[in-house]
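Work through the exercises below with the sequence and the model open beside you, and try each task before reading its solution.

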Amino acid sequence: MALPERFPVVRPPGPRQRWANLLVVLLGLVGLFFSLFLRDQVLGATIRYSNLQAGINANFPPDWLLEEAGSDFVFRIRDTAAPDFPTTLQVSLFPVGSDSAPRNIFDALTLQRSQTLAAYSVGNAQSYLLPDGIETSALSYTYVTTAENPFLGSRPVIVEGLDVLVFERDQALVITYRASAENFGRELQHLNRFMQSLDF
Amino acid sequence: MLECGLLFMLALVLEGLAVSLPTALRAPGNLLIALLPALFWLLNSWWRGGYQSRLRFAATGCAVITGLLCNALCLPLIKNLFEVHRWLPLADAVTRILGYSLTAGLTQALAVWFVVRFAVPRRELTERLDLLVCCRAAATGYVLVTVIDFALNTGPTASALAVHVFNQTAALNCVAIIVSYALAELYFRRELFLPMPMLATALAAFVSGSAIPLVSGLGNASLSSLQPVSDTRPLFGSFYSLGLLLAVLVVFRFLSANAGAGSAPAPDSDGAS
């Protein structure tokens, strides 16, 4: 006796149906991996910066704002789209004597910043491993800032900073990384990528 | 598609009048607008007789499961793993279309595909239109979660939310139409062209994903040569969504109507097994 059409006979799936299903799963997996690849390509895209006068080359994200020849830096790049505070990478050069120690540079920076930055507080000096395996010094610090536009009326933001010091002949190169305390850890990847591309 | 027409009319009226609710009424008003796609779908499917009433429970199950899947997996995937907000809005046009298709579009298409394929018992599906009913129910569940998420997390004006709700509903209905065609081919076509379901799912992902940058681009573009400055006209995006939905509807209705020759009543087993 034939079953009513409401309950059709259930037969095992044919090989074509099985393979067609598997192909859809495959599409999902390929799409997942390709979208992650595309994301990394876009997020990791950089453009080259060259400063012939200072002899510095580095890569930085294309959507970051580049500023050159400021009063206290050779160049700096800022992610103005970052919430709270623009994540900043800044390169400064200081002439040094042959017997200068990292402490001298850090003390000079601390003295200068404690007069201009609110609630400036020095963390601890620490060692920092450069991409080429050379160990150097770094200094962490925090301060408080508000939005540059007073009409925005935003609340003060705690900024964390890290100065990485590199001695090269009679010059000291200070690479400064700053981000809001909330984003400091997450945005540290930009410093690492920048350091890997930095050619001094 | 009556729901889409009503949502489009609502977006047209609210955006045309630039309606913005008072602060005290904004949250409940937004929630009501966000619930409208599901309410319209419920009214349409539960009060309507015919074949839709036979699939009432299967379709409702699809909507609930897809909504839960969207909330538990799809939205976290798009927001936290793909992080589309970090890299797609500022990318170039081609990357945006490709990126949204591979992330949001593919997630939507696969969610609808897997829910209808594996949650609806095969014995419930006796004709091609059954799959369209189930896929549209799944799409409604997905839309419901995304628009509630949008309404609660961004606090938009009533007019902006109505436009967003229509755009989302139209895009997900396009996905539902294309995926239902692919599933119908899988279930009812005796000599299935092997990559067809995969290609149709990819097409659904592309249609839905590419709509995101195109709708927002048209909504902010100036189409005047005399004043080439970008302007906010969200309804341009909605007209694009409406046109896309109608085009998909016409094309796949034609394909479905001409697919009867090679169809078989029940070549596949229970999808839930």
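**Exercise 1: the domains of chain A**

Task: find where chain A is divided into domain 1 and domain 2, and state what distance separates their centres.

Solution: In this predicted model, chain A is split into domain 1, which covers 16–45, and domain 2, which covers 46–197. As a second step, take the centres over C-alpha atoms, which places domain 1 of chain A and domain 2 of chain A 39 Å apart.

**Exercise 2: the make-up of chain B**

Task: determine how many helices and strands chain B has, and what share of its residues is buried.

Solution: Begin by counting the elements, which gives 10 helices and 0 strands in chain B, and then read along the sequence, where the pattern is α-α-α-α-α-α-α-α-α-α. Next, turn to burial: of the 273 residues in chain B, 49% are buried. Finally, consider the contacts in chain B with a separation of 6 or more, of which 81% join residues 24 or more positions apart.

**Exercise 3: the nonpolar cores**

Task: identify which helix of chain B gives the most residues to the largest nonpolar core, and which residues B:Ile178 touches.

Solution: The largest nonpolar core has 96 residues, and B:Val112, B:Cys134 and B:Ile178 are among those with the most contacts inside it. To this core helix 8 of chain B, residues 158–188, gives the most, with 23 residues. Leaving out residues up to four places away in sequence, B:Ile178 touches B:Ala200, B:Leu203, B:Ala204, B:Val207, B:Val248 and B:Phe252. Apart from this core there is another, of 20 residues, including A:Ile77, A:Leu89, A:Val91 and A:Ile175.

Note on methods. Residues numbered from 1 in each chain as written. Chains lettered and ligands numbered in written order. Predicted model: local features only at pLDDT ≥ 70, side-chain atom pairs only at ≥ 80, totals over all residues. Core = buried A, V, L, I, M, F, W, Y, C linked by C-beta atoms within 7 Å. Buried ≥ 20, exposed ≤ 12 C-beta atoms within 10 Å, placed from the backbone. Helix = DSSP H or I, 4+ residues; strand = E, 2+ residues; numbered from the N terminus. Contact = placed C-beta atoms within 7 Å. Domains from an automatic or database assignment.
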